[in-house]
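Subject: A structure for you to look at

Hi,

Here is the structure I promised to pass on. Have a look at it first, then read my notes below with the viewer open.

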Amino acid sequence: MPTSRRKPTPRKDAPRADRARTASVADEIVLTGPPGRLHATVSVENAVSERVSVRGAVLHRSGQEPVPGLATALISPGTTASVPVSVSLSRTTPPGELEAELEVGGTRRPVRVLVEPELDLHLSPSRVLAVPGRQRVPLTLVNHGNVDIPLAALTRARTDDGGPDPGPDVSLTVLDPTTVEPGAIVSVAAELTVPDELDPTRRHVARIPVGTADLEVVVLPRTTSEELT
């Protein structure tokens, strides 16, 4: 009696996500930079027979919301591409090393995140007109960086009148020295001291350090018509 054979069941194509699977080669991934501009280059292998489009990346950290990043590439079949990736964390993320996973092209891999220090202190006003003697100067500081910025109680800077030699010092005294923490806005009272011996026929400029910012002090010529006669 002849043996009956079953017809083979037609095999359905795998879902597109499986057919277009990308695989990353086993190089260590290191994201580095200031917290708002972390970057890395990730090797992504296209192990299928059609082009694969990589759009976007996601940084995963334990206990944190996923952070979307930027990554764009079109990878030919059977090839490996170096894909630039950039991710932005909160600007106040402190310097140091973080453990995380980076998802690119549908694959999650361990990544070392090396957050660099960023010194970004904004000073207002950043430029003032001054006269010889003492005058109060209210200052506002905003720390856009990720490290503490201490303010010195006393700082000085040489004056420049355009001549070959620097002039005498201008000084700034912060009346209540403090530390400006990342993300903080701080207002302080300061006292500016300008020496009397500056040449009154010249304009003098000095840049006094305030944390990592500079206060530009401008002293205008002050001769009068009576002094010229």
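**A charged pair to start with**

Arg127 is exposed, with a relative accessible area of 55%. Keep in mind as you read that this is a predicted model. Which residue does Arg127 form a salt bridge with? The partner is Glu216, and the closest N and O atoms of the two are 2.9 Å apart. Glu216 is buried, at 17% relative accessible area, because the cut-off for buried is under 20%. Arg127 sits in strand 10 and Glu216 in strand 18, so to speak two distant parts of the chain, 89 residues apart, linked by this pair. The two also belong to a network of salt bridges that takes in Arg207 and Asp214.

**The other salt bridges**

The structure holds 13 salt bridges. If you have not met them before: side chains of opposite charge can pair when their charged atoms come close. Here are two more to click on.

- Glu28 and Arg112 form one, with 3.5 Å between the closest N and O atoms. Glu28 lies in the loop between strand 1 and strand 2, while Arg112 is in strand 8, 84 residues apart. Glu28 is exposed at 57%, and Arg112 is partly exposed at 28%.
- Glu101 and Arg108 meet at 2.7 Å, N to O. Glu101 is partly exposed at 31%, and so is Arg108, at 46%.

**The whole chain**

Now zoom out. The protein chain has two helices and 18 strands. Of its 229 residues, 34% are buried. The chain exposes about 14100 Å², and carbon and sulfur atoms supply 50% of that. If you take the contacts with a separation of 6 or more, 61% of them come from residues 24 or more positions apart.

**How the strands line up**

A reminder before you trace them: strands of a sheet pair through backbone hydrogen bonds, either parallel or antiparallel.

One open sheet has five strands in the order 9-11-16-14-13, with antiparallel pairing. Strand 9 (121-124) and strand 13 (154-158) stand at its edges with a single partner strand each, so one side of each has no neighbour in the sheet. Neighbouring strands here are turned by 30 degrees against each other on average, direction ignored. Inside this sheet, strand 11 (residues 133-143) and strand 16 (residues 185-194) pair over ten bridges, and Val137 has Ala190 of strand 16 as its bridge partner.

Another open sheet has three strands in the order 10-18-17, with mixed pairing. Its edges are strand 10 (127-130) and strand 17 (204-210); each has a single partner strand, so one side of each is left without a neighbour in the sheet. The twist averages 25 degrees from one strand to the next. Strand 17 and strand 18 (residues 213-219) run antiparallel and are joined by seven bridges, with Val210 opposite Ala213.

Earlier in the sequence, strand 4 (residues 52-60) is worth a click. Strand 4 pairs with strand 5 (residues 67-75) in the antiparallel sense over seven bridges, and Ala57 stands opposite Gly69. Six residues lie between these two strands in their hairpin, where Gly63 takes a positive phi near 75 degrees. Strand 4 also pairs with strand 7 (residues 96-104), again antiparallel, over four bridges, and there Val58 stands opposite Glu103.

Then try strand 2 (residues 29-33). In a regular strand the side chains alternate between the two faces of the sheet. Which side chains of strand 2 point to the buried face? They are Ile29, Leu31 and Gly33, while Val30 and Thr32 point to the other face and are not buried. Strand 2 runs parallel to strand 8 (residues 107-115), joined by five bridges, and Gly33 stands opposite Val115.

**What is packed inside**

The largest nonpolar core has 28 residues, and Leu139, Leu141, Leu172, Leu192, Leu215 and Val217 touch the most other members. Several strands supply at least two residues each, including strand 9, strand 11 and strand 18. Strand 16 gives the most, with five residues. Leu139 is a good one to select: beyond its neighbours within four places in sequence, its contacts include Leu123, Leu172, Val188 and Leu215. Another core lies apart from this one and has 24 residues, among them Leu38, Ala73, Ala100 and Val115.

Cheers

Conventions: Residues are numbered from 1 along each chain as its sequence is written. This is a predicted model: local features need pLDDT of at least 70, side-chain atom pairs count only at pLDDT 80 or more; totals for chains, interfaces and linings use all residues. Side-chain values use heavy atoms; hydrogens and water are left out. Two strands pair if DSSP finds at least two bridges between them. Axes are lines fitted to C-alpha atoms, for helices over the stretch in contact, and angles run from 0 to 180 degrees between N-to-C directions. Buried means under 20% relative accessible area, exposed over 50%, partly exposed in between (1.4 Å probe, protein chains only). Contact means heavy atoms within 4.5 Å. Accessible areas come from the Shrake-Rupley method with a 1.4 Å probe; for residues, only the protein chains shown count as cover. A nonpolar core is a set of buried Ala, Val, Leu, Ile, Met, Phe, Trp, Tyr and Cys residues joined through side-chain atoms within 4.5 Å. A salt bridge is a side-chain nitrogen of Lys or Arg within 4 Å of a carboxyl oxygen of Asp or Glu.
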